[in-house]
Structure formats: structure tokens, C-alpha cells
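Trainee: I would be grateful for a close look at a single part of this structure, and for an account of how that part is placed among its surroundings.

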Amino acid sequence: MSVFNRLLVTGLPLVPKAVVHRFAKRYVAGETLEHAVATVRELNGLGAMATLDVLGEEVSEAERAREFTEECVRVLEAIDREGVDSNLSIKPTMFGLEIDEGLCHENVERIVGRAKELGNFVRIDMEDATTTDATLRIYRDLHARYGNVGCVLQAYMRRTLDDVGALPAEDVNVRLCKGIYIEPRPIAWKGYETVRHNYVAALEKLIARGVYVAIATHDEYLACAAEALIDRYGLAPDRYEFQMLLGVDEELRDLLIARGHRMRIYTPYGREWYAYSMRRLRENPEIAGHVARAALGRG
Ligand SMILES: Cc1cc2nc3c(=O)[nH]c(=O)nc-3n(C[C@H](O)[C@H](O)[C@H](O)COP(=O)(O)OP(=O)(O)OC[C@H]3O[C@@H](n4cnc5c(N)ncnc54)[C@H](O)[C@@H]3O)c2cc1C
């Protein structure tokens with residue numbers, strides 16, 4: 001990132017919320033479940049599946065964690081009622097992981113159990129490294145008892161190849177991403193090319209183990225490497241999927257769909273759109289630049 005772009009990104013929090021909203025809309029399906037379902041329907045029309053995400057993280061009150069749990073149950077029921085092609089992604093800290101692991105486990109179990117009744121699937125996102133062990137514990141237990149649940153592994157973590165080795169033996173569904181949190185070097189690979197290298201190594205290990213893998217990336221290099229592995233292992237199109245975030249590189253999305261790959265779009269919605277959008281904008285200095293110019297009245 002250039003020094004100029006770095007300055008723009010640092011200044012983002014000073015930009016009025018209304019201006020951020022104008023540019024952030026592309027990353028978020030709206031504030032309500034109705035908006036979210038409408039976006040999923042549009043994506044389905046483009047040949048993509050979706051995974052819905054209720055925005056909100058790091059809940060510190062048990063009551064709030066329960067409210068989010070019930071909101072996720074409503075999402076699963078809306079997907080079923082509206083007949084759209086989507087599953088659900090959830091973040092453990094939203095269901096009380098930072099309050100008590102047992103509380104989080106209970107809430108996530110309620111969601112996974114309801115999804116099972118409705119024939120749907122729940123993906124437990126991976127957050128920062130302080131949550132990895134607890135998240136994998138909850139995942140392993142619910143996977144053994146319900147089955148319709150998947151986890152996420154992050155290629156920047158040094159432990160990831162070991163985590164692939166420790167996955168359950170059967171019916172495993174893993175999303176592989178680079179990882180978005182800032183982790184210390186003793187536990188995380190730091191070089192851009194190093195993370196790519198570990199991504200490809202982990203992807204190959206997952207495929208070789210027969211895991212259904214969700215290849216979550218916008219990095220064309222990784223999409224290309226994934227296609228080579230899919231070809232080398234002769235994977236049928238129903239044994240993997242690509243995943244991308246709503247609003248990011250729609251051209252690559254459409255190219256991959258046109259090449260016959262299953263594609264799932266991570267579709268966040270909810271009132272807490274601001275923090276999520278700021279994270280996306282920080283990752284994309286070009287758009288951050290437009291935001292800054294708009295804020296200065298030159299947009
Ligand atoms: C479906 C999905 C689920 C994810 N779930 C998790 C999770 O559970 N835990 C976790 O830690 N991380 C998660 N991530 C985030 C992920 O770890 C990366 O931080 C993020 O995807 C960027 O990595 P990349 O592979 O796209 O490569 P990058 O090298 O970051 O990006 C590749 C290209 O895409 C462009 N690009 C990337 N992001 C944006 C953007 N916001 N707007 C416009 N262009 C962009 C870049 O400019 C670059 O040209 C998820 C990502 C996806 C796609």
C-alpha cells in the first residue's frame with residue numbers, strides 16, 4: 001500500500017457515516033433480514049449460492065448473545081420459507097465466547113440444531129487466535145453430534161497444517177481463507193507469498209484427505225492454483241466450492257461461475273454494518289480513496 005493510501009485509510013474513521021454508507025453499501029446486503037433475502041435471491045439468479053452473516057461481534061452480555069442466537073434462528077427459518085439457496089455463517093464471539101465457552105456452545109448448538117431440522121448447514125467463522133482452540137472444540141463436538149456444521153482454517157496461522165491433520169475423519173467441510181486478524185509473528189506467517197504458499201499446501205492437504213473444501217479468496221493466484229489442484233485430484237464440482245465476499249471482485253466471481261465452479265457469496269447484513277464496512281474499506285485503498293474524496297466534497 002502506498003504512503004498516500006495508508007494515510008487515507010488511517011483517516012477513514014474521520015469520514016462522516018453517511019459518506020461511508022454510500023460506498024459501503026456494496027459490501028452489505030442492508031439492515032434487515034428482508035434486504036438480506038432479496039440480495040440472496042439476486043445472487044442465486046446470477047448462479048451463486050450465499051452464506052448469510054448477521055453483523056455483530058464480541059458480545060459481552062449473555063442476553064445480547066441470546067438475542068443474536070434467536071436472530072440466527074429467524075435467518076434459517078426465512079431461508080427455508082423463502083426457498084433461497086443459502087446457509088449461515090456465525091462468529092463465536094457473537095454468541096458469548098468471550099463470556100463463557102459453555103454459553104457460546106449452548107447458543108451455537110441451538111442454531112446448528114435448528115439448521116439440522118431445516119436441512120441446512122452452519123459455518124463457524126474463525127476469529128482471532130485467542131479463540132481458535134475454543135472454536136475448534138465447539139466445532140468438533142457439534143460436528144460429531146449433528147454433522148451439519150463446518151469450520152474455517154486460516155492459511156496465515158503456523159498451526160494450520162496440524163489443524164488439517166486433526167480434523168474429524170469423515171464428512172468434513174472446511175472453509176480455507178488467508179485470515180484477516182493481525183496476529184503476532186510467533187504464531188502467524190507474515191510474508192504475502194508465504195501465506196499464499198501455506199494456503200496452497202493446506203488446500204492440497206485438505207483435498208487429499210477427502211475434505212469438502214470451500215476455497216475462500218479473491219486472490220487470482222490462489223484461484224488459479226486451486227483450479228490446478230482440482231484438476232490434478234479429479235474433484236467433481238460437488239466436492240468443493242469457491243467463496244467470495246459480497247461486493248468484492250465480481251468479475252472474478254462471474255469468471256469462476258462460468259468455468260463451472262460452485263460459488264458461494266458471504267452476505268452480511270444488519271444494523272452493525274459500519275464496523276464491517278470499515279474493515280472492508282481498509283482492505284481496499286482504491287475505494288477508501290473515493291470515500292475520502294467524497295468526504296472532501298470532490299466525490
Ligand atoms: C467467503 C469468505 C469468508 C471469510 N471468512 C473468514 C474467517 O472466517 N476468518 C478470517 O480470519 N478471515 C475470513 N475471510 C477473510 C480472508 O481471511 C482474507 O482476509 C480476505 O479474503 C482477503 O484475502 P484474499 O485471499 O482475498 O487475498 P488478498 O491478497 O487480500 O486479495 C486478493 C485481491 O482481492 C482484492 N481484495 C481483497 N479484499 C478486497 C476488498 N475488501 N475489496 C476489494 N478488493 C479486495 C485485493 O485488492 C487483491 O487484489 C473470509 C474471506 C472470504 C472471501
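Mentor: Helices here are DSSP runs of H or I with at least four residues, strands are runs of E with at least two, and both are numbered from the N terminus. The model is a predicted one, and the part I have chosen is helix H6, which covers residues 132-145.

H6 has 14 residues. From its first C-alpha to its last it reaches 20 Å, close to the 20 Å expected at 1.5 Å a residue. Its buried residues are Thr 132, Ala 134, Thr 135, Leu 136, Ile 138, Tyr 139, Leu 142 and His 143. An α-helix has 3.6 residues a turn, so residues three or four places apart point the same way. The buried residues of H6 pack against helix H5 (101-117), strand E3 (122-124), strand E4 and helix H7 (160-165).

After H6 comes Gly 147, whose phi is positive, near 90°. Gly 147 lies in the loop between H6 and E4 (149-154). Gly 147 counts as partly exposed because its relative accessibility is 32%, and the partly exposed class lies between 20% and 50%.

One residue of H6, Tyr 139, is touched by Leu 167. Leu 167 also touches Cys 151, Val 172, Val 174, Leu 206, Arg 209 and Val 211, leaving aside residues up to four places away in sequence. Leu 167 is among the residues with the most contacts inside the largest nonpolar core, which has 77 residues. Others in that group are Ile 90, Phe 95, Val 108, Leu 203, Ile 215 and Phe 242. Helix H4 (residues 62-82) gives the most to this core, with seven residues. A second, separate core of 14 residues includes Val 15, Val 28, Leu 55 and Tyr 276.

Two of the neighbours of H6, H5 and E3, lead on to strand E2. E2 and E3 run parallel and are joined by three bridges, with Val 122 in E3 as the bridge partner of Leu 88. The chain passes from E2 through H5 to E3 in a right-handed β-α-β crossover. Five of the five residues of E2 (residues 86-90) are buried, so this strand is largely enclosed by the rest of the structure. Ser 86, Leu 88 and Ile 90 point one way from E2, whereas Asn 87 and Ser 89 point the other way. E2 is also joined by four bridges to the parallel strand E1 (residues 49-54), where Asp 53 stands opposite Ser 89. The path from E1 through H4 to E2 is again a right-handed β-α-β crossover.

Note on methods
Residues are numbered from 1 along each chain as its sequence is written. This is a predicted model: local features need pLDDT of at least 70, side-chain atom pairs count only at pLDDT 80 or more; totals for chains, interfaces and linings use all residues. Side-chain values use heavy atoms; hydrogens and water are left out. A nonpolar core is a set of buried Ala, Val, Leu, Ile, Met, Phe, Trp, Tyr and Cys residues joined through side-chain atoms within 4.5 Å. Buried means under 20% relative accessible area, exposed over 50%, partly exposed in between (1.4 Å probe, protein chains only). Contact means heavy atoms within 4.5 Å. The expected span of a helix is 1.5 Å times one less than its number of residues. Two strands pair if DSSP finds at least two bridges between them. A crossover is right-handed if, with the strands pointing away from the viewer, the path from the first strand over the helix to the second runs clockwise.
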